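Me: Please take a close look at one polar contact between two side chains in this structure, and then place that contact within the rest of the chain. I am new to this structure and would welcome a connected account.

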Amino acid sequence: MNIESGTVVSFHYTLRDASGEELESSRGGEPSVYLHGHNNLMPALEAAFVGREAGDIFTVELGAGEAYGQRDPLKTQRVPIKHLAFRGRLLPGAVVQLNTSEGMRPVTVIKAGRHSADIDTNHPLAGQALAFDIEIAELRAATAEELAHGHVHGPGGHQH
Ligand code: ZN
């Protein structure tokens with residue numbers, strides 16, 4: 001079977017930055033799972049999965065614009081510290097979670113005072129070219145319910 005719209009894809013990945021440094025990896029843990037053709041991956045990454053089979057190994061290089069977008073220098077704001085989730089001290093450069101109406105999202109601390117912090121709300125990987133080393137682990141056809149919901153159910157997917 002080959003990946004097409006409606007395929008449930010399990011895959012391992014290692015994410016590297018432009019200098020080759022590893023940023024994150026699924027290896028050694030559970031593979032990532034997604035439903036192909038339903039906008040669950042970055043479009044340029046998903047396009048590279050089309051037609052692949054289980055066992056395929058390949059690298060996808062994305063420019064910043066295809067990954068987390070360009071860094072916008074105007075995307076900074078001052079927020080109350082109580083809106084941030086973090087451990088230890090708030091130091092410049094630290095990536096912490098900002099509690100927003102749409103859930104938690106990663107932001108970078110510029111400087112912190114006693115009650116408020118200046119943060120950069122660009123995604124921490126904005127402005128960076130990225131490379132994904134991919135290994136396709138397993139493929140299966142989506143169920144009718146998964147296709148209707150647009151996402152995977154069960155292990156690695158939505159539990160509801
Ligand atoms: Zn669902």
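Reply: The side chains of Asp118 and Arg78 are joined by a polar contact of 2.6 Å. The model in which this pair appears is a predicted one. Asp118 belongs to strand β9, which covers residues 116–120. Asp118 counts as buried, because its relative accessibility is 16% and the limit for that class is under 20%. Arg78 is also one of the residues in contact with Asp118 once neighbours within four places in sequence are left aside; the others are Gln77, Thr108, Val109, Ile110 and Lys111.

The setting of this pair is given by the division of the chain. Domain 2 spans 76–120, while domain 1 is made of two stretches, 7–68 and 126–149. Between the centres of the two domains, taken over C-alpha atoms, there are 29 Å.

The nonpolar cores come next. The largest one has 20 residues, and Val9, Phe11, Leu45, Phe49, Phe132, Ile134 and Ile136 have the most contacts inside it. Two or more residues come from each of β1 (7–17), β4 (57–62) and β10 (130–141). The greatest contribution is that of β10, with five residues. Apart from this core lies another, of 10 residues, including Val79, Ile81, Val96 and Val107. Val9, from the largest core, touches Phe49 and Ile136, and its further contacts beyond four places in sequence are Ile3, Ser32, Val33, Tyr34, His36, Glu138 and Leu139.

A second polar contact between side chains can be set beside that of Asp118. His12, in strand β1, pairs in this way with Ser26 at 2.9 Å. His12 is buried, since its relative accessible area is 17%, under the 20% limit. Among the residues that His12 touches, not counting those up to four places away in sequence, are Ser26, Arg27, Gly29, Asp133, Ile134 and Glu135.

Ala47 offers a contrast in accessibility. This residue lies in helix α1, residues 43–47, and is exposed because its relative accessible area is 51%, with the exposed class starting over 50%. From Ala47 to Asp17 there are 30 residues in sequence and 20 Å in space, C-alpha to C-alpha.

A zinc ion is also part of the model. His149 (ND1), His151 (NE2), His153 (NE2) and His160 (NE2) coordinate the zinc ion at 2.0 to 2.1 Å. The spacing of these donor residues in sequence is H-x1-H-x1-H-x6-H. The arrangement is tetrahedral because the four donor atoms subtend angles of 100 to 121°, and this class requires all angles to lie between 85 and 135 degrees. Two of the donor residues fall into opposite accessibility classes: His153 is buried at 15% relative accessible area, whereas His160 is exposed at 66%.

Finally, the chain as a whole can be described. Its secondary structure comes to two helices and 10 strands, in the order β-β-β-α-β-β-β-β-β-β-β-α from the N terminus. The C-alpha atoms fill a box of roughly 55 × 40 × 30 Å along the principal axes. Of the 160 residues, 36% count as buried. Among contacts with a separation of 6 or more, 61% are between residues 24 or more positions apart.

Terms used: Residues numbered from 1 in each chain as written. Predicted model: local features only at pLDDT ≥ 70, side-chain atom pairs only at ≥ 80, totals over all residues. Heavy atoms only, no water. Donors = N, O, S within 2.8 Å, 3.2 Å for Na, K, Ca; no water. Tetrahedral: all angles 85-135°; square planar, octahedral: opposite > 155°, others 65-115°. Buried < 20%, exposed > 50% of the residue type's maximum accessible area, 1.4 Å probe, protein only. Domains from an automatic or database assignment. Core = buried A, V, L, I, M, F, W, Y, C linked by side-chain atoms within 4.5 Å. Helix = DSSP H or I, 4+ residues; strand = E, 2+ residues; numbered from the N terminus. Contact = heavy atoms within 4.5 Å. Polar contact = N/O pair within 3.5 Å; in protein donor to acceptor, adjacent residues only side chain to side chain.
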